Amino acid sequence: MSDTQWETYEVFHQSRRGKPHEHVGSVHAPDPQMALQMARDQFARRLECVSLWVVRSKDITQTDYQDPNFFARSFDKSYRDPKAFDAPEKE
Amino acid sequence: MSNDSLISYLTALADDEFILGHRDSEWTGYAPILEEDIAFSNIAQDEIGHALALYELAQSLGGKHPDAMGFERPWKEFACSRFVTYPKGDFAYTVVRQYLYDAAEQVRMKAHAASAFVPLRNLSEKILAEEAYHLMHSKGLVERLGNATEESHRRMQAAVDTAFPQALGLFEPVQGTEKLVEAGVARPESELMHAWLEAVVPTLESSGLQSPVRIKGSTYELSCKPGYGGRVGNHTEHLEQIVADLQHVYKMAPGGNW
């Protein structure tokens, strides 16, 4: 089915300065500036927010779920796991 | 200056916000784009919130309780402009009306920044903070839709032709305003209208839309008749319909608590 709406933008939300921007969803918009406004209405009205990013969905290059070997761990590589220390949450 | 003229002035502004807020809420579930559905629902809540704050300010001067103003008052006693009472029309009309209204509200609230009545000055500053984003939204849509396609241009121009003369009714003087102007509480409506024309006419023009006015330096020439009447209670059946609609539930149990 073809989409009759505007193109989509992925929305990234930052709750506090210094924290990472986290993906919270997507919006339809005709251009990036309007996408920021739409994102504000939908994701910053109730959640605390200091910054938003929007990225055209089609500008994101992603891995293929049909290619599980891309992430395969066939050999024991547990020595690579960062389990010998705790990384504190960044303030 | 008596409190009465200030109460009348605040009531007229609150009525504009209250009725337009309800008209905007009529898009909830029906807007052509999901995001615009949410945006207009959000704006509707904001405008009704502004109405509440203005009714409360009028109440502090001896006016009635906001519930009585919004839900018990007969429609003929509303002092809103006719402009805000008309049905929501197509999305182009809604966008143009919202833009013309947001621009007018911004001009008025900015003028209140120098008001001798401090509570009005403070409230206007708060309203302005929210209104800036309404204006960014509606202006953004006007600029994009005015020139986008042949159909969007045609529908936006038709909306301007209808809405522009109606919008001039926002500057129909409320009875007693001249006393408020003398006391430094409010600015003359003619001055606000001029500032509004200087803001909206160039924006419409750069969006490819013609308005029925020509600005010549410090004067202007209107080639349309302003839609007056609302400020003196001379309304159309559209207000009767929307007031009946929005008072319906309240009147089932007057004074009830939810």
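Here is a walk through the aromatic contacts, pockets and cavities of this structure. Please keep in mind that the model is predicted.

Let's begin with the rings. Over all chains, the count comes to nine aromatic pairs. In chain A, take F12(A) and W53(A): their ring centres are 6.4 Å apart and their planes stand at 55 degrees, so the pair is tilted. F12(A) belongs to strand β1 (residues 8-14) of chain A and W53(A) to strand β3 (residues 51-56) of chain A, so this pair ties together parts that are 41 residues apart in sequence. Is F12(A) buried or exposed? With a relative accessibility of 18%, F12(A) counts as buried, because the cut-off for that class is under 20%. Its partner W53(A) is partly exposed, at a relative accessible area of 47%.

Chain B offers another pair to look at. F18(B) and Y55(B) meet edge-to-face, with 6.0 Å from centre to centre and 70 degrees between the planes. Here F18(B) sits in helix α1 (residues 3-25) of chain B and Y55(B) in helix α2 (residues 34-60) of chain B, so the contact ties together parts that are 37 residues apart in sequence. F18(B) counts as buried at 4% relative accessibility, and Y55(B) counts as buried at 3%. These two rings also belong to one aromatic cluster, which is formed by F18(B), Y55(B), F71(B) and Y250(B).

Rings in chain B also meet charged side chains. R73(B) lies over the face of F78(B), 4.0 Å from the ring centre. In a second case, the charged end of K88(B) sits over the ring of W27(B), at 4.9 Å from its centre. W27(B) is worth a second look, since its side chain makes a polar contact of 2.7 Å with the side chain of T94(B). T94(B) is placed in helix α4 of chain B, and at 3% relative accessibility T94(B) counts as buried.

From side chains we can turn to the space between them. Rolling a probe the size of a water molecule over the atoms shows where empty space is left. The largest pocket holds about 420 Å³ of space. It is lined by 16 residues, and the closest to its centre are W6(A), P32(B), F91(B), L145(B) and S152(B). Which helices of chain B each supply at least two residues of this lining? They are α4 (91-111), α5 (118-147) and α6 (150-167). Of the elements, α6(B) gives the most to the lining of the largest pocket, with four residues. By class, that lining divides into ten nonpolar, two polar and four charged residues.

The second largest pocket has a volume of about 150 Å³. Its lining draws on both chains, with Q33(A), M34(A) and R40(A) among the residues from chain A, and Y133(B), K139(B) and E143(B) among those from chain B. Helix α1 (32-43) of chain A and α5 of chain B each supply at least two lining residues, and α5(B) gives the most, with six. The lining of the second largest pocket has four nonpolar, three polar and four charged residues.

Now for the enclosed spaces. The count comes to two cavities of 30 Å³ or more. About 120 Å³ of space lies in the largest cavity. Among the residues that line the largest cavity are Q37(A), R40(A), D41(A), D46(B), Y133(B) and M136(B). Two or more residues of this lining come from each of α1 of chain A and α2 and α5 of chain B. Here α5(B) gives the most, with five residues. The lining of the largest cavity divides into four nonpolar, four polar and four charged residues. Looking back at the second largest pocket, you will find Q37(A), R40(A), Y133(B) and M136(B) in its lining too.

The second largest cavity holds about 110 Å³ of space. It is lined by L13(B), D16(B), E17(B), Y101(B), A104(B), E105(B), R108(B), M109(B), L170(B) and R231(B). The elements that give two or more residues to this lining are α1 and α4 of chain B. The largest share, five residues, comes from α4(B), the helix that also holds T94(B). By class, the lining of the second largest cavity has five nonpolar, no polar and five charged residues.

Notes
Residues are numbered from 1 along each chain as its sequence is written. Chains are lettered from A and ligands numbered from 1 in the order in which they are written. This is a predicted model: local features need pLDDT of at least 70, side-chain atom pairs count only at pLDDT 80 or more; totals for chains, interfaces and linings use all residues. Side-chain values use heavy atoms; hydrogens and water are left out. Rings of Phe, Tyr and Trp (its six-membered ring) pair if their centres lie within 6.5 Å; planes under 30 degrees apart count as stacked, over 60 as edge-to-face and the rest as tilted. Buried means under 20% relative accessible area, exposed over 50%, partly exposed in between (1.4 Å probe, protein chains only). A charge sits over a ring if NZ of Lys or CZ of Arg is within 6 Å of the ring centre and within 35 degrees of the ring normal. On a 1 Å grid over the protein atoms alone, a cavity is a set of points where a 1.4 Å probe fits but cannot get out, and a pocket is an open set with protein on both sides within 12 Å along at least five of seven lines; lining residues have an atom within 4 Å of a point. Grid points are joined across faces, edges and corners, and a volume is the space filled by probe spheres set on the points. Ala, Val, Leu, Ile, Met, Phe, Trp, Tyr, Cys and Pro count as nonpolar, Asp, Glu, Lys and Arg as charged, and the others, Gly among them, as polar. A polar contact is a pair of N or O atoms within 3.5 Å; within protein, one must be able to donate a hydrogen and the other to accept it, and residues adjacent in sequence count only if both atoms are side-chain atoms.
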